[in-house]
Amino acid sequence: MVLPKASVCPLDCPDTCSLAVGVEDGRVVSVRGSKANPITHGAVCAKVAHSYPEFVHGPGRLRYPLMRNGPKGQGEFVRASWEQALDVVHQRVSAVVQRHGPQAVLPLNYAGPHGMLAGDSMSLRFFHRLGASLLSRDPLCGGIRSAAYSATFGDTPGTPLQQVSQSRLIIVWGNNASVCNLHLMRQINAAKRRGARLVAIDPRRTRVAEQAHLHLPLRPGTDVVLAWAIAVELERLGGLDHAFIGKHVLGFAAFMEAARAYPPERAATICGVPLEDLRTLARWYQDTSPAVIAWGNGLERNQNGGSGLRAIAALPALAGKFGVAGGGLVGGASRAFPKTPDRLTRPDFIPPGTRTLNILDVARLILDEELHPPLKALFIYNHNPLIVHPGQNRMRQALSRDDVFIVGIELAMTDSMRYADVVLPAATHFEYADLYPAYGQQYLQRAEAVIAPVGESLPNTEIFRRLAARFGFNDPAFTASDAELMDAAMNADDPRMQGHRPSRLPLDRALKMEFGGAEPILCKTVWPRTPSGKIELECAALAEQRGGALPHYRPLLARYPLTLITPASDQRITSTFGGLAASDATPALQMHPDDAASRGLKDGERVKVWNDSGEVFLPLQITAVVRPGVVCSEKGAWLRTSPNGQTVSALAPIHKADLADGACFNDARVEVQAG
Ligand code: SF4
């Protein structure tokens, strides 16, 4: 008999859907959406609905600890007991610490599961106490957007997703919502039924762009120029809200001075969009209220990414679109929750002077013979760096080093796990309890385990509890239960928790975050939390960063003619599900007919895509979905989908963005020929 059980999707996606999981004989047999979370309202994406039972119970699932018995990367392992595996980890890591000091150890973790416990709780307590090097992981994705938001608005939430349905004009900017932000579409459709206009700004004619009243297919990396030009056109039309600006905005004059260097005529050429469409957008934005911008992650992934986001964030402030439900900017959702990271991860354990390493530099640093102390032990968990990081070939070289001891903690034998010395089997989120704030909507959820851990797998929290015991860490912080960790993750006394202890949150409904009993409306119910208390278009705190206090634009100089963008797929969440047969096809390379014709390429043929960093072989799809000069292939495919073992990450550059030292995937420049 199938029993329905409540759960939550933990994947790296803004939506954080509530789930109804069918369980029979201790196995997950179906995954559907539930209505516990009113935002996600019973719908989930196809990839989760179709993939999870096989992902949890299929042959690819890791069930036992493994130890490598062949060359790194070959995937030759033998089964071990937990005792044996933990002994080896303890011996090898202790030897590294003894020889090089604890900072020779690095946790290389990212955002596999988004639950607060599995994400990073006991794990960071362990690494902080060990004295391992600290990892700045945000630069890989989302860090630029987060830094741009914080610089402009401070630690305050933006427009909640549900208010989009009240908007009269919705600008979806660099957000492939029908694939990456499914439940934004529901809000958009509700608004459209009430007569709202939809504008999409994206180099590709995505599904949301097809449904839009206006689509601006701008060149990647030119968002800052487009936003400036809209500001200049608003000024020309008399569309600046000087009363709002005077009261709530800092840096107006300096921002506009920079923007005026890019009037619409010039911007249209740089961005590659029709001048009339740019002007139409500015006019609609002036005339319509509430008007909301919903940005995505794609537009941050270039060297002007921080500037683009900051200039876009300035538009609702300049045009006075805040202060009303359904207006402003959908963003800052993660700031809606009363998180208490200091209690959860215990940074007080960190030895003074411990270094912090940028996740994007890890491969280079592993290969750096001058680094002191060197990196000699890695714990890879919640992450598949070989597939996800820019500079894939360098990462492969780094993970291949025999003098670097690698512990992997994973659900499946990913490409990265094949380089581990010891692999510890992790439980899926169906097998442990966790707490789920979202980063795309403002509801808090909790889930319990719906099945027992498969095989000998263990939740991340228990794995690090056992590691802490092995290393002799006897502070009570290392024996905290999962319920205690949940209670350490959020401030139960905050009014937003409505009297609930985090570990006792109801399972059948999500808790809406409210401020003084109301939804956030910036400059009405919540306020900028910047140093000035205003919306900062010029941000003194960024003066020392590469980007500077004001947005700026630098054209990318490159010797290869085509821009390769690598968005998310409707088959995988980054690289999760990549090991499943349904997600294992080689992604196509999309190319505009004009670019294909000038190269004599034919639809369906295999092509070689290359630059100085690597070469990838992909089937060609000729389509006007992409604009001329841009080619597109989905990220996240595993190495076995590629004849030469290189995927699109091999082509991604390793330089960094103007903010948060973030990744610039979409600055990849390539050439394409018949392969
Ligand atoms: S991946 Fe996103 S859209 Fe799909 S079920 Fe999970 S949270 Fe929902």
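By class, which residues make up the shell around the ligand? Seven are nonpolar, one is polar and one is charged. The model behind this answer is predicted.

**The ligand and its cavity**

The residues surrounding the ligand are Cys9, Cys13, Asp15, Thr16, Cys17, Val44, Cys45, Val48 and Ile573. The ligand sits in the largest cavity. That cavity holds about 130 Å³ of space. A search of the whole structure turns up five cavities of 30 Å³ or more.

The lining of the largest cavity counts 15 residues. Nearest its centre lie Cys9, Cys13, Asp15, Cys17 and Cys45. These five residues also belong to the set around the ligand. Two elements, helix 1 (46-57) and helix 6 (177-180), each give two or more residues to the lining of the largest cavity.

The table sets out the classes for the lining and the shell.

| Set | Nonpolar | Polar | Charged |
|---|---|---|---|
| Lining of the largest cavity | eleven residues | two residues | two residues |
| Shell around the ligand | seven residues | one residue | one residue |

**The barrel**

Now to the strands. Six of them form a closed barrel in the order 22-26-23-25-24-27. The pairing is mixed. On average, neighbouring strands of this sheet are turned by 45° against each other, direction ignored.

Where do strand 22 and strand 27 join? Strand 22 covers residues 562-565, and strand 27 covers residues 668-674. The two run antiparallel, with three bridges between them. One bridge partner can be named: Leu564 is paired with Ala668 in strand 27.

Key
Residues are numbered from 1 along each chain as its sequence is written. This is a predicted model: local features need pLDDT of at least 70, side-chain atom pairs count only at pLDDT 80 or more; totals for chains, interfaces and linings use all residues. Side-chain values use heavy atoms; hydrogens and water are left out. On a 1 Å grid over the protein atoms alone, a cavity is a set of points where a 1.4 Å probe fits but cannot get out, and a pocket is an open set with protein on both sides within 12 Å along at least five of seven lines; lining residues have an atom within 4 Å of a point. Grid points are joined across faces, edges and corners, and a volume is the space filled by probe spheres set on the points. Helices (H or I, at least four residues) and strands (E, at least two) are DSSP runs, numbered from the N terminus. Ala, Val, Leu, Ile, Met, Phe, Trp, Tyr, Cys and Pro count as nonpolar, Asp, Glu, Lys and Arg as charged, and the others, Gly among them, as polar. Two strands pair if DSSP finds at least two bridges between them. Axes are lines fitted to C-alpha atoms, for helices over the stretch in contact, and angles run from 0 to 180 degrees between N-to-C directions. A residue is near a molecule or strand if one of its heavy atoms lies within 4 Å of it. A molecule sits in a cavity or pocket if more than half of its atoms lie within 2 Å of its grid points.
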